[in-house]
Amino acid sequence: ILSGNVDEIRHKHGANIFEIDYRGNEASLSAALGSICEIMESKPTPVGYNRMKVHIATDAEVRRVIAAANESVELRSFSEIIPSMNDIFIRAVNGNL
C-alpha cells in the first residue's frame with residue numbers, strides 16, 4: 001500500500017497539527033492565534049506549563065503562528081504531531097488516506 005522511507009511516509013501523512021507548550025495567559029494566546037489557525041484544545045501539563053493543540057492550514061503559516069505565540073506568551077516548545085506508522089496503516093486499511 002505504502003512504500004518509501006518511514007520518516008517521509010510519516011511526514012507526508014501528517015495533518016499539520018502542532019503542540020505549543022507555553023507559560024502565560026490562554027486567552028491572550030487564543031486571541032493572537034485565532035485568525036491564523038484552528039485551536040483544537042488547550043490544557044495544563046503536569047510540569048506546570050500549558051499546552052495548546054492547533055491545526056495550521058498551510059506550511060506557510062507556521063512561522064506566523066510561532067511569531068504570534070512568541071509575542072503573546074512565554075513559548076516553551078513548538079512541535080509537529082507526526083502520526084505513527086500504526087495510525088497511518090489503520091487509515092490506509094480503512095481507505096482514509
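Me: Which residue forms a salt bridge with R51?
Reply: R51 forms a salt bridge with E19, and their closest N and O atoms are 3.7 Å apart. A salt bridge here is a side-chain nitrogen of Lys or Arg within 4 Å of a carboxyl oxygen of Asp or Glu.

Me: What does that pair tie together?
Reply: R51 lies in strand 3 (residues 50-55) and E19 in strand 1 (residues 17-23), so the pair ties together parts that are 32 residues apart in sequence. Strands (E, at least two residues) and helices (H or I, at least four) are DSSP runs, numbered from the N terminus.

Me: Where do these coordinates and numbers come from?
Reply: This is a predicted model, in which local features need pLDDT of at least 70 and side-chain atom pairs count only at pLDDT 80 or more, while totals for chains, interfaces and linings use all residues. Residues are numbered from 1 along each chain as its sequence is written, and side-chain values use heavy atoms, with hydrogens and water left out.

Me: How exposed are R51 and E19?
Reply: R51 counts as partly exposed at 25% relative accessibility, and E19 counts as partly exposed at 22%. Buried means under 20% relative accessible area, exposed means over 50%, and partly exposed lies in between (1.4 Å probe, protein chains only).

Me: How many salt bridges are there in the whole structure?
Reply: A search of the whole structure finds 5. Among them, E61 pairs with R64, with the closest N and O atoms 2.8 Å apart. Another links the side chains of E74 and R76 at 3.1 Å, N to O.

Me: Which residues are joined into one network?
Reply: E19, D21 and R51 are joined into one network by salt bridges that share partners.

Me: New topic: in what order do the strands of the sheet stand?
Reply: The 4 strands form an open sheet in the order 2-3-1-4, with antiparallel pairing. Two strands pair if DSSP finds at least two bridges between them.

Me: Which strands stand at the edges?
Reply: Strand 2 (38-44) and strand 4 (74-80) do, each with a single partner strand, so one side of each is left without a neighbour in the sheet.

Me: And how many bridges join strand 1 to strand 3?
Reply: There are 6 bridges between these antiparallel strands. F18 stands opposite V54 in strand 3.

Me: Which strands does helix 3 lie across?
Reply: Helix 3 (residues 62-72) lies across strand 1 and strand 4, running at about 155° to strand 4. Axes are lines fitted to C-alpha atoms, for helices over the stretch in contact (heavy atoms within 4.5 Å). Angles run from 0 to 180 degrees between N-to-C directions.
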